[in-house]
Amino acid sequence: MASAAANPFSLMRRTCCSSSLRALVNSKASILPSNNLSSSSSSCNPKFHFLHPRRSLCRITASFNEEASAQAAAATVEIGGPTIFDKIIAKEIPSNIIYEDEKVLAFHDINPQAPVHVLVIPKFRDGLTGLGKAEPRHGKILGHLLYAAKVVAEKVGIVDGFRVVINNGPGACQSVYHLHLHVLGGRQMKWPPG
């Protein structure tokens, strides 16, 4: 999967996860009651009281990396340069497009969090770096994004059960400051999310 290598967030997540898992296996470490990983397994401080099975370590480490990525992205949002989504819209970066019209583009996420994970983005940012930046003038595009999410769900066969997620700001781990919807499905969703 060559396109996955192009995403620095995926690489960072995989690298940290692999080294943390390796350290865990080598040291036979476990989560301590103080809620810290042993110093040999990771430098992050997870929010969970237990760790089982090994895959959970990757999930905790990936969560830490996503938080760090979100903080880094938030620090550069004021620069206002083109985002990775602008490059996908311009077809400078390849993507697996599911749906496209004059206003939106929908494509598979290269780091899926569900069997079906599609991103729906507006083709023109118009100041919409996140939902928190929405103004009354954005009402039409916001409605169209939700309609496009439904069309995408139909196209990929998950219309009977899907979730739409919008991350806003670093506290929600938004890592690309170009408003986007995550359409997730293909498995039973749990509540509460996150």
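## The β4–β5 loop

His 178 sits in the loop between β4 and β5. His 180 is found in that loop too, with β4 spanning 162-165 and β5 spanning 181-185. The model is predicted.

## His 178

His 178 counts as buried because its relative accessibility is 0%, and the cut-off for buried is under 20%.

Leaving aside neighbours within four places in sequence, His 178 is in contact with Thr 83, Phe 85, Asp 86 and Ile 89. Its contacts also include Ile 121, Pro 122, Arg 125, Leu 128 and Thr 129.

## His 180

UniProt, in an unreviewed entry, places the feature "active site" at His 180. The annotation may be inferred rather than shown by experiment.

Is His 180 buried or exposed? His 180 is buried, because its relative accessibility is 6%. Not counting residues up to four places away in sequence, His 180 touches Phe 85, Leu 119, Val 120 and Ile 121. Val 165, Ile 166 and Gln 174 are also among the residues it touches.

## The link between the two histidines

A polar atom of the His 180 side chain lies 2.8 Å from the backbone oxygen of His 178. Phe 85 is in contact with His 178 and is also touched by His 180. Ile 121 is likewise a contact of His 178 and of His 180.

## Confidence

The chain has an average pLDDT of 75. At least 70 is the score of 65% of the residues.

Over residues 1-61, pLDDT stays under 50. The model has 65 contacts beyond four places in sequence for this stretch. Where pLDDT is low, the predicted coordinates should not be read in detail.

Terms used
Residues numbered from 1 in each chain as written. Predicted model: local features only at pLDDT ≥ 70, side-chain atom pairs only at ≥ 80, totals over all residues. Heavy atoms only, no water. pLDDT = per-residue confidence, 0-100. Contact = heavy atoms within 4.5 Å. Helix = DSSP H or I, 4+ residues; strand = E, 2+ residues; numbered from the N terminus. Buried < 20%, exposed > 50% of the residue type's maximum accessible area, 1.4 Å probe, protein only. Polar contact = N/O pair within 3.5 Å; in protein donor to acceptor, adjacent residues only side chain to side chain.
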